[in-house]
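Okay, can everybody see the screen? Let me put the model up and then I'll walk you through a few spots.

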Amino acid sequence: QNSLSFCSSRDYSAPVNFVSAGLRKAAAEELSDEDSDDDEKPVKQEEIPKEFVPKKLKTGGNFKPSQKGFVGGSKSFVDFGSWERHTKGIGQKLLQKMGYVPGRGLGKNAQGIINPIEAKQRKGKGAVGAYGSERTTQSLQDFPVVDSEEETEEEFQKELSQWRKDPNGGKKKPKYSYKTVEELKAKGRISKQLAAPQKELSQVKVIDMTGREQKVYYSYSQISHKHNIPDDSPQQPLGKDSKPQGFALPELEHNLQLLIDITEQEIIQSDRQLQYERDMVVNLSHEIQKMAEVLSHEEKAISNLSKVLDMVEECERRMQPGCENPLTLDECAKIFETLQDKYYEEYRMSDRVDLAVAIVYPLMKEYFKNWDPLKDCTYGTEIIAKWKSLLENDQLLSHGGQDLSTDAFHRLMWEIWMPYVRNIVARWQPRNCGSMVDFLDSWVNVVPVWILDNILDQLIFPKLQKEVESWNPLTDTVPIHSWIHPWLPLMQARLEPLYSPIRNKLANALQKWHPSDSSAKLILQPWKDVFTPGSWEAFMVKNIVPKLGMCLNELIINPHQQHMDAFYWVIDWEGMISVSSLVGLLEKHFFPKWLQVLCSWLSNSPNYEEITKWYLGWKSMFSDQVLAHPSIKDKFNEALDIMNRAVSSSVGGYMQPGARENIAYLTHTERRKDFQYEAMQERREAENMAQRGIGAAAGSVPMNFKDLIQTKAEEHNIVFMPVIGKRHEGKQLYTFGRIVIYIDRGVVFVQGEKTWVPTSLQSLIDMAK
């Protein structure tokens with residue numbers, strides 16, 4: 001029955017209370033807890049003892065009795081981790097493994113909070129935050145950051161208190177909000193962009209119903225300039241003791257507000273007007289400065305132009321027919337030089353064409369009135385060169401006839417100077433070319449290019465072409481090159497059309513020509529470098545070479561009585577016809593007869609000394625260039641071989657004493673000369689190639705014949721090296737590929753079957769390959 005009554009006295013509407021360690025409290029202790037619930041009176045903070053512990057949190061949970069020591073201070077860490085008596089102690093061990101030291105905060109730098117979180121009792125029964133800050137002393141120490149919510153709350157309370165009555169019953173002094181003129185100006189500048197473009201909206205009536213009361217504005221701009229004081233009638237809790245407002249005049253307040261707004265607008269408008277006027281002052285001062293500069297520049301230009309005008313009028317006055325001091329071309333040039341030097345801009349801007357036409361042209365006509373270009377070719381070149389620098393337009397191209405209207409000098413030359421040239425060319429004889437060439441040479445740097453081209457193409461060339469057509473090489477005593485070639489420096493490629501008729505006429509004149517007439521060579525020789533190489537060679541092969549072949553064919557070779565005239569006539573053309581053409585003539589018409597005579601002479605027990613002289617005599621008749629040709633070389637070697645065979649095959653018959661040795665010596669000497677000449681030619685070619693930078697670098701120019709052989713061996717990948725310890729007649733032996741050679745005075749000797757044979761460098765390379 002007791003237990004039943006105990007259970008019936010329990011308040012089951014209370015929250016569930018949890019008890020630590022599963023132990024229930026005694027009934028008396030629970031009753032004391034229930035009694036404490038009735039004590040809900042607010043307790044002042046000053047009356048709370050330091051060790052006071054609220055029995056019950058607002059959440060409904062109770063503190064354990066062991067938590068009393070945490071309130072208002074920190075507990076000693078002597079029994080820190082004592083809860084592990086009821087566990088296996090794994091937590092403490094893990095913390096110590098990770099470097100935790102008892103008595104210090106957690107974290108790498110021991111920055112964790114050491115003390116347990118402190119509890120704080122809230123006074124009264126209001127909501128959270130209703131009684132000020134909820135922060136504890138510990139929180140303020142650990143997180144000393146100002147709470148923005150607290151500041152907002154303080155400002156709110158401060159503003160709210162302005163509109164409340166003083167709790168002491170005294171009359172509270174109202175606080176006013178002021179705006180300075182500078183603030184108004186700053187505000188007006190910010191909104192300037194709204195006021196300027198919206199003039200039509202500035203007088204619009206606007207009704208503002210966003211507040212508790214309807215407000216009327218007379219422009220949209222006034223909405224952005226609302227007074228920043230609090231509302232007219234702030235919200236005030238109307239309690240039982242609150243009195244109704246005794247002074248409420250909304251019309252008066254509205255009118256006052258309207259007056260304030262109008263005044264603000266006037267201040268802002270005045271500030272803008274002032275700023276505008278200041279800007280206008282700055283702009284006008286700049287304009288004044290610019291206009292002053294323009295004015296001074298214009299005054300200077302006016303003075304310069306007036307001086308230029310005075311000089312021009314002076315020129316015109318002196319050009320009148322009855323003037324005592326008439327103007328000359330030199331004085332006029334000096335006046336124009338003064339204009340160009342002192343008044344350059346005015347001179348360049350003025351229309352020089354009209355000025356020159358009015359002043360210079362009459363003087364120029366007078367200056368060239370009695371001029372004969374062929375007699376005095378340099379007359380007027382200096383004065384015209386001076387006028388060229390004065391009148392020629394630099395911006396325009398000076399080689400086109402299209403700029404006559406804009407270039408005074410070109411017009412001057414075309415209209416004043418050119419008629420004299422046309423007249424003189426019309427009377428000029430093309431065969432008297434010297435005076436005309438000298439005249440154009442004197443004026444080539446003064447006359448514009450297009451005018452010179454016109455003279456050469458339209459005046460000179462037709463006269464030359466007509467003269468070439470009437471020229472006959474058989475009857476004319478003056479060679480044609482004497483009056484055509486002087487035009488080459490001036491006309492160059494313009495003379496090309498004349499060359500074909502000249503060649504045709506020369507070819508017709510050469511049909512009945514015989515090589516004994518040397519005048520043909522004199523006429524043709526000047527044209528060798530004028531005609532193109534192909535056309536020249538074709539002309540010679542067609543008209544000269546067949547005549548020379550006939551002449552050689554008529555040549556009779558007689559060792560006892562030799563007539564050399566025909567041979568001389570042919571050899572005389574060596575520089576005119578190509579080497580290949582001359583060699584072809586000799587192979588076809590000379591060497592067969594010559595070798596035949598040699599064979600017949602050797603078959604009749606000859607005097608070998610005479611044969612040797614005959615052989616050397618004929619060989620000396622040819623130039624080195626012809627002798628170096630492989631075909632000619634083969635023919636003379638063939639003659640040597642015939643002589644050697646004749647000497648060695650005369651067994652049993654009468655043999656001249658020493659003939660074999662003489663012929664062998666002749667063969668050896670001649671071949672050695674040939675190879676020496678070849679070596680010199682090859683060395684000269686290598687040096688020329690090295691100097692031109694072709695092939696070898698500058699540092700590898702062959703200094704002697706051995707270096708040349710070494711260079712050639714490197715080019716053809718042939719091994720060239722000395723044979724150690726072996727010499728022939730005191731000369732060092734070398735291996736050139738698989739061949740053994742030695743070098744003696746610029747000649748390469750190759751080891752043959754019995755003797756050392758001289759050879760050329762090219763044949764040596766061919767053998768080595």
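So, to start: which residue forms a salt bridge with Lys 731? That's Asp 744, and the closest N and O atoms are 3.5 Å apart. By salt bridge I mean a side-chain nitrogen of Lys or Arg within 4 Å of a carboxyl oxygen of Asp or Glu. Lys 731 lies in strand β4 (residues 731-736) and Asp 744 in strand β5 (residues 739-744), so this pair ties together parts 13 residues apart in sequence. Helices (H or I, at least four residues) and strands (E, at least two) are DSSP runs, numbered from the N terminus.

Quick housekeeping. This is a predicted model, so local features need pLDDT of at least 70 and side-chain atom pairs count only at pLDDT 80 or more, while totals for chains, interfaces and linings use all residues. Residues are numbered from 1 along each chain as its sequence is written, and side-chain values use heavy atoms, with hydrogens and water left out.

Back to that pair. Lys 731 is partly exposed, with a relative accessible area of 29%, whereas Asp 744 counts as buried at 11%. The cut-offs: buried is under 20% relative accessible area, exposed is over 50%, and partly exposed is in between, with a 1.4 Å probe and protein chains only. The areas themselves come from the Shrake-Rupley method.

How many salt bridges does the structure hold? Seven. One of them joins the side chains of Glu 467 and Arg 431, at 2.8 Å, N to O. This one links distant parts of the chain, 36 residues apart: Glu 467 sits in helix α16 (residues 449-470), and Arg 431 in the loop between α14 (408-426) and α15 (433-443). Glu 467 is buried, at 17%, and Arg 431 is partly exposed, at 31%.

Helix α16 comes up again with Arg 494, which forms a salt bridge with Asp 453, the closest N and O atoms being 2.8 Å apart. Arg 494 is in the loop between α18 (488-491) and α19 (496-509) and Asp 453 is in helix α16, so parts 41 residues apart in sequence get tied together. Both ends are partly exposed: Arg 494 at 26% and Asp 453 at 28%. And there's a third member here, since Asp 453, Asp 457 and Arg 494 are linked in a network of salt bridges.

Now helix α21 (residues 533-543). Where do its buried residues fall, seen down the axis? The buried ones are Ser 535, Trp 536, Phe 539, Met 540 and Asn 543. They fall within an arc of 130°, so they line one face of the helix; the arc is that of the directions from the helix axis to the C-beta atoms. On the other side of α21, Pro 533, Gly 534 and Lys 542 are exposed.

Just upstream, Gln 525 is in the loop between α20 (519-524) and α21, and counts as partly exposed at 42%. Its C-alpha atom is separated by 10.0 Å from that of Trp 573, 48 residues apart along the chain.

Last stop, helix α29 (residues 705-715). Its buried residues are Phe 705, Leu 708, Ile 709, Thr 711 and Ala 713. Just after α29, Asn 717 takes a positive phi of about 55°.
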